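Me: I should like to learn how to read the backbone and strand features of a model such as this one. May we take them one at a time?

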Amino acid sequence: MTSLFTNRSNSAKRGLTGTLLTLGLLLAGGSQALAGTIKATLTADNHYGLYHAQENGSGLTFVGRNEFGPTGNPGGLNWSLPETWTFDINPADYLYVVVWDDAAVAESWIGEFELPGGVSLLSDTTNWEYIIASGQNPGDYGNVPQLTELVPEIANANWTATRAVGPNGTSPWGVIPGISTSAQFLNVSNPRSANYTIFRTKAAVEVESVPEPSAALTLLAFGASGAGSLLKRKQQQKAMNFSRS
């Protein structure tokens with residue numbers, strides 16, 4: 001009789017362990033990717049708009065831009081001091097920087113991006129590419145291009161490796177504070193152009209995944225219910241065997 005109870009107890013323990021193990025595996029598989037936070041510090045000679053979107057432009061989201069007009073706020077010229085933006089980015093999103101000039105000389109942009117996981121992305125010729133958009137250069141006092149205009153530009157783009165003018169500190173801009181000295185001024189595709197330029201990262205941003213809260217709670221409740229039923233059956237069987245003896 002002792003042997004019978006021992007075997008059934010071990011069987012119940014194995015069943016409970018299996019239930020919890022299955023629950024753990026399901027929780028590991030049921031995950032969702034979370035948005036990651038990015039800190040972007042950038043400026044442009046003369047103007048930029050910062051966005052993020054999927055590789056084909058879907059989900060395009062506007063983050064911010066620099067000053068209207070030729071002067072800075074603060075700073076002397078509009079490119080003298082950078083702006084800093086902190087925002088959430090979706091899984092596999094790309095960063096897009098739309099840049100345009102004032103039809104003068106030496107146009108460019110420069111930036112540093114702190115990605116999730118402590119990764120730093122700089123404006124350079126390795127991680128960025130560009131296209132010359134068909135849209136009109138907005139000029140010093142123009143608004144950033146509309147999302148409805150940018151999405152088809154991105155979706156139909158033939159991206160080209162970008163060109164650098166020089167590292168942070170290059171004349172005539174000098175050192176832009178708040179941006180790594182390893183970052184490079186990237187050349188606006190065609191100075192004095194009647195169009196604007198779109199730059200983007202070549203590599204999508206990776207963000208972490210965690211179990212979906214709703215799925216985790218559902219599976220936890222299922223596992224607890226199953227474990228409770230198993231223990232109840234064990235107690236009932238033990239009572240029946242005791243009464244028979």
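Me: In which loop does Ala92 lie?

Reply: This is a predicted model, and in it Ala92 belongs to the loop between β5 (83-89) and β6.

Me: What should I look for in its backbone angles?

Reply: Most residues other than glycine have a negative phi. Ala92 is not a glycine, yet its phi is positive, at about 70°.

Me: Is Ala92 buried, exposed or partly exposed?

Reply: Its relative accessible area is 37%, so Ala92 is classed as partly exposed.

Me: Which peptide bonds deserve attention when I inspect omega?

Reply: Most peptide bonds are trans. Among the cis cases here is the bond that joins Asp45 and Asn46, with omega of about 25°. Asn46 sits in the loop between β2 (36-45) and β3 (47-53). Another cis bond runs from Ser171 to Pro172, and its omega is near 10°. Pro172 is placed in the loop between β11 (164-167) and β12 (184-187).

Me: How should I read a sheet, and in what order do the strands of the open sheet come?

Reply: One writes down the strand order and then examines each pairing. The open sheet here has 6 strands, arranged as β4-β3-β6-β13-β9-β10, and the pairing is antiparallel. Its edge strands are β4 (61-65) and β10 (160-161), each of which pairs on one side only.

Me: How many bridges join β13 to β6, and how many join β13 to β9?

Reply: Strand β6 (residues 94-100) is joined to β13 by 4 bridges, the two strands running antiparallel. Between β9 and β13 there are 6 bridges, and this pair also runs antiparallel.

Me: Which residues stand opposite one another in these pairings?

Reply: On the β6 side, Val99 has Thr197 of β13 as its bridge partner, while Val97 faces Phe199 of β13. On the β9 side, Ile131 stands opposite Ile198 of β13.

Me: Why is β13 described as largely enclosed by the rest of the structure?

Reply: The description rests on a count of buried residues: 6 of the 7 residues of β13 are buried, so the strand is largely enclosed by the rest of the structure. One residue found in β13 is Thr201. Thr201 has 2% relative accessibility, and therefore counts as buried.

Me: Which residues are in contact with Thr201, leaving aside its neighbours within four places in sequence?

Reply: With those neighbours set aside, Thr201 touches Tyr94, Leu95, Leu121, Asn127, Trp128 and Glu129.

Me: Glu129 appears in that list; which side chain meets Glu129 in a salt bridge?

Reply: The partner is Arg200, whose side chain forms a salt bridge with that of Glu129 at 2.9 Å, N to O. The pair links distant parts of the chain, for Arg200 is in strand β13 (residues 195-201) and Glu129 is in strand β9 (residues 128-136), 71 residues apart. The model has a count of 1 salt bridge.

Me: Are the two partners buried or exposed?

Reply: The test is whether relative accessible area falls under 20%. Arg200, at 5% relative accessibility, is therefore buried. Glu129, at 12% relative accessibility, is likewise counted as buried.

Methods:
Residues are numbered from 1 along each chain as its sequence is written. This is a predicted model: local features need pLDDT of at least 70, side-chain atom pairs count only at pLDDT 80 or more; totals for chains, interfaces and linings use all residues. Side-chain values use heavy atoms; hydrogens and water are left out. A salt bridge is a side-chain nitrogen of Lys or Arg within 4 Å of a carboxyl oxygen of Asp or Glu. Buried means under 20% relative accessible area, exposed over 50%, partly exposed in between (1.4 Å probe, protein chains only). Two strands pair if DSSP finds at least two bridges between them. Contact means heavy atoms within 4.5 Å.
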